[in-house]
Amino acid sequence: MKKSLWILSALAMVGFAFTGCSNDCETNDDCADGEYCIEALVASAGGNEDTDSVEVGDMFCSACQTDCQADAAHPVCVTSLHVCGARATCDGGQMPTVGSDGYATCISETTGTCKTNADCEKEGYVCGPQNVCIPGTEDKFKYVRIDDNSDPCKKNAEGKCTQDDPGADIDAVVLNKSDGTVHYAERVVGYLRSDGVKERVADSPIASDPSKALGKPDSFKQYPEKDGKCIYYTDSSFKEHPYVSLGGQGGYITLEMGGTIDAGDRIDVLEVGACSLQNTKDGKSDTAVAEPIKLSVSVSGADGSWKEIGELTADTTNKGILSFTVSEAKLK
């Protein structure tokens, strides 16, 4: 069992409760369910003989996908939301939720639940990812959702899917602004792998880590060039995939982008399909199976708030780089 590490500076602040973490991990597989192996961006001393100090560059397990201590304004990991926050507890009658800025905040429980922005009575509020009303601006789209439109996995007599990572495989999402700036997905808001597979079968790695869709492309190394090559494994031991699989029809991933989405922008979804696989176990460069996907965008990331942008499938022309143009009509 790994030792727990409590960050004293976080406990000293009035904020959401911070949970223990360990500086003994190399990948997400070394952490408990719901935790991520992340890099310490700041040093922190251990609190007592049962805790370890963390140095810059150490890897430790956390419910959050970034080192909250590196953000002075939001230093506490809120485990229930998997995001960083500034406070440990909410006042009476309030509950923690994800704010429009992507950090944990407290709102009144009397606000109630919502399905769409229209359900929020208070002016300037939108329906947030936790289906509660949060402060926001309705005309700022910042969330994307990718739905897997491929055939569902065919299950065996025991009702189990035996295919290796069926459905769409998402390497990255790139927001190309009309002003020439580029942004990537920064945070996972939701994920469902529809085949239900969560563990590795024998020696075959399962591509079920949604954080693989964050940041710059890892499989399409030459992006934005469409060279038709995509990396299958990122390591020499063939254990790490650079993408996340959605598992077939019913699977999806929702992500928060690093910039707002406006009419005239282009969103590229990099789906590992119709491209020549590189770094495979057998050394062959087979062509990856292409799967259809649907792209939608949202102001809040809540159910019922999505605006469909379009559907595409990888082919010999796009070679896995699926480009969606965001029009004014699609955002209405």
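Strands, such as the β11 and β12 mentioned below, are DSSP runs of at least two residues, numbered from the N terminus. The model described here is a predicted one, and this report follows its salt bridges, with particular attention to Arg-193.

**Arg-193 and its surroundings**

In this predicted model, Arg-193 is placed in the loop between β11 and β12. Is Arg-193 buried or exposed? Its relative accessibility is 7%, and because buried means under 20% relative accessible area, Arg-193 counts as buried. The side chain of Arg-193 takes part in a salt bridge with Asp-165, in which the closest N and O atoms are 2.9 Å apart. Asp-165 belongs to the loop between β9 (141-148) and β10 (169-176), while Arg-193 belongs to the loop between β11 (182-192) and β12 (229-231), so this pair ties together parts that are 28 residues apart in sequence. Asp-165 is buried, as is Arg-193.

Beyond that salt bridge, the side chain of Arg-193 makes a polar contact with the side chain of Asp-195 at 2.9 Å, and the side chain of Arg-193 also reaches the backbone oxygen of Ala-207 at 3.2 Å. When residues up to four places away in sequence are not counted, the residues that Arg-193 touches include Pro-166, Ile-206, Ser-208, Ser-245, Leu-246 and Gly-247.

**Salt bridges across the structure**

How many salt bridges does a search of the whole structure find? The search finds nine, and the table sets out three of them, including the one that involves Arg-193.

| Salt bridge | Closest N and O atoms |
|---|---|
| Asp-165 with Arg-193 | 2.9 Å |
| Arg-187 with Glu-256 | 2.8 Å |
| Arg-266 with Asp-268 | 3.0 Å |

The salt bridge between Arg-187 and Glu-256 has its closest N and O atoms 2.8 Å apart. This pair links distant parts of the chain, with Arg-187 in strand β11 and Glu-256 in strand β14 (residues 252-261), 69 residues apart. Arg-187 and Glu-256 are both buried.

In the salt bridge between Arg-266 and Asp-268, the closest N and O atoms are 3.0 Å apart. Arg-266 has a relative accessible area of 31% and is therefore partly exposed, whereas Asp-268, at 2% relative accessibility, counts as buried. Elsewhere, salt bridges that share partners join Lys-142, Arg-187 and Glu-256 into one network.

Key: Residues are numbered from 1 along each chain as its sequence is written. This is a predicted model: local features need pLDDT of at least 70, side-chain atom pairs count only at pLDDT 80 or more; totals for chains, interfaces and linings use all residues. Side-chain values use heavy atoms; hydrogens and water are left out. A salt bridge is a side-chain nitrogen of Lys or Arg within 4 Å of a carboxyl oxygen of Asp or Glu. Helices (H or I, at least four residues) and strands (E, at least two) are DSSP runs, numbered from the N terminus. Buried means under 20% relative accessible area, exposed over 50%, partly exposed in between (1.4 Å probe, protein chains only). A polar contact is a pair of N or O atoms within 3.5 Å; within protein, one must be able to donate a hydrogen and the other to accept it, and residues adjacent in sequence count only if both atoms are side-chain atoms. Contact means heavy atoms within 4.5 Å.
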